[in-house]
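Here is a short report on a two-chain model. Please keep the structure open while reading.

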Amino acid sequence: MSEIPGDLKFLKSHEWARAEGNGRVTVGISDHAQSLLGDLVYVELPEVGASVEAGNAVAVVESVKAASDVYSPVSGRVAEVNTTLADKPETINEDAYGEGWLFVIEGVDEDQLAELLSPDDYAELIEGEED
Amino acid sequence: MTRKTVLNESHRALGAKMVDFGGWDMPIHYGSQIDEHHLVRQAAGMFDVSHMTVVDLHGARVRPFLRRLLANSVDKLKATGKALYSCMLDEQGGVIDDLIAYYLGEDYFRLVVNAATREKDLAWISQQAEAFGVEVRERAELAIIAVQGPQARDKVIGLLAEADRERAGALARFAAIEVASASGIPLFLARTGYTGEDGFEVVLPEGQAVAFWNALLEAGVRPAGLGARDTLRLEAGMNLYGQDMDESTTPWESGLGWTVALDEGRDFIGRAALEAQKAAGVPRQLVGLVMDERGVLRHGQKVLAAGGEGEILSGTFSPTLGKAIALARIPAGEPGQVRVDIRGREVPVRVVKFPFVREGKAQPGVLA
């Protein structure tokens, strides 16, 4: 299990969020999530410009094994999506917290981030899931 | 209760991710399902399939019994060791299970049936066997290791006793022989598989399975999990019981018509129902689908065809093709422009002949 970067916040459903400043938040799925899913083969990303609400399913990641919804940790507008994932979805397996990011939301009220799990709380959560 | 094969600890030591598979604790992968898939297509991989059930049938009337029990005809089996793939049907023509039957003597046949259907199969076989005085003996003490891939046979043959190597090398496809490993382990060596690659399925005593598995590891054969086994078999266009067919479908509706032998005067269980369905017109068909757009076809997705709605039975991302493939059941007749409903979006797919992949290569028409 790779180390969880300290500047991330998490949803119980294994999405991470990173505040980039100016109301921009980058979103991805956790390293734990990619390891549960196994080899990723397809990613369906939201439309740039679309409004998203915290807690809504806005993207889909698919491994050979299963399709899994990705919930937005925050509300706002989709500013960017990681188009390189279309050809290389395995980037998420290789670097879930870095190059494997999914999308950026802008116009985010950053107070929302305070409601998310800290890296320690998330680490505790996934430890509880493992046997 | 979860059952474990004798290789359970070996899988864990190799870093396998374990899952429940029909009540068995089995390895789904040892790191990467896709890497394991490619390994089998390009070199060799091995699978623990000891959860499958070996059933030995003994008795003077075992051949007449199997002529009655199976939809395919054991009369095709004339040489000792020869194998036959067949469905076992109920009176309605529904598929109870699919299996392989090995002809080992006029009073001795071996069946290998699925793990998830074990109890139902044993009950049915025993019930039907009574009238023929055939003894039904489950061989729970046997393990099975499938070694598959272009290098698989050489790897296994290298581990055999010197005296058995030539015979093993000359073994025909879909046939089995008894041999011994170099260290003296008795092996039932069958040139069969579930991957679309050449290779062996090796049946051996449970107590010696770990030693043989380790010998294969030392010979450079890497383990592969049930995840890769599923993508390999689907690329090879092979049905999975419980997903592609079951008691609610006949072989005609399951792409298994080729396994039904309507040979003169053989009254097998389900024959009357199959003939009646054929005469009336088979309402549904199994087709192969390839999706050229990105995405993954999955079990349960709705399929829209010219004749009406159908559904995906087995669907996956094909690592060899880099596209999604599926087996789907749709209404009979010309399929027309087929689409699949993926999360509310109708995505066009092509109907193709399967196998999709055979011996490492995409089959004609599959890649458009």
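## Sheets and cores

In chain B, strand E18 (residues 339-342) pairs with E19(B) in the antiparallel sense, over four bridges. Strands are DSSP runs (E, at least two residues) and helices are DSSP runs (H or I, at least four residues), numbered from the N terminus. Two strands pair if DSSP finds at least two bridges between them. B:Arg339 has B:Pro348 in E19(B) as its bridge partner.

The model is predicted: local features need pLDDT of at least 70, side-chain atom pairs count only at pLDDT 80 or more, and totals for chains, interfaces and linings use all residues. Residues are numbered from 1 along each chain as its sequence is written, while chains are lettered from A and ligands numbered from 1 in the order in which they are written.

E18(B) and E19(B) belong to an open antiparallel sheet of seven strands, ordered E19-E18-E15-E16-E17-E14-E20 (chain B). Strand E19 (345-348) and strand E20 (350-352) of chain B are at the edges with a single partner strand each, so one side of each has no neighbour in the sheet. From one strand to the next, the twist averages 40 degrees.

Chain A has its own open sheet. Six strands take part, in the order E1-E2-E3-E9-E8-E5 (chain A), with antiparallel pairing. The edge strands of chain A pair on one side only:

| Edge strand | Residues |
|---|---|
| E1 (chain A) | 9-10 |
| E5 (chain A) | 51-52 |

E5(A) is joined by two bridges to strand E8 (residues 76-81) of chain A, and the two run antiparallel. Within this pair, A:Ser51 stands opposite A:Arg77 in E8(A).

Overall, chain A holds three helices and nine strands. Its radius of gyration (over C-alpha atoms) is 14 Å, close to the 14 Å of the globule rule for 131 residues, so chain A is as compact as a globular protein of that length. That rule is 2.2 Å times the number of residues to the power 0.38. Of its 131 residues, 42% count as buried; that takes 20 or more other C-beta atoms, placed from the backbone, within 10 Å of a residue's own.

Next come the nonpolar cores. Each is a set of buried Ala, Val, Leu, Ile, Met, Phe, Trp, Tyr and Cys residues joined through C-beta atoms within 7 Å. The largest has 76 residues, and those with the most contacts inside it include B:Phe109 and B:Val147. Strand E6 (residues 95-105) of chain B gives the most to this core, seven residues. Apart from it lies another core, of 63 residues, among them A:Val104 and B:Ile34.

Notes: A residue is buried if 20 or more other C-beta atoms lie within 10 Å of its own, exposed if 12 or fewer, and partly exposed in between; C-beta atoms are placed from the backbone. Axes are lines fitted to C-alpha atoms, for helices over the stretch in contact, and angles run from 0 to 180 degrees between N-to-C directions.
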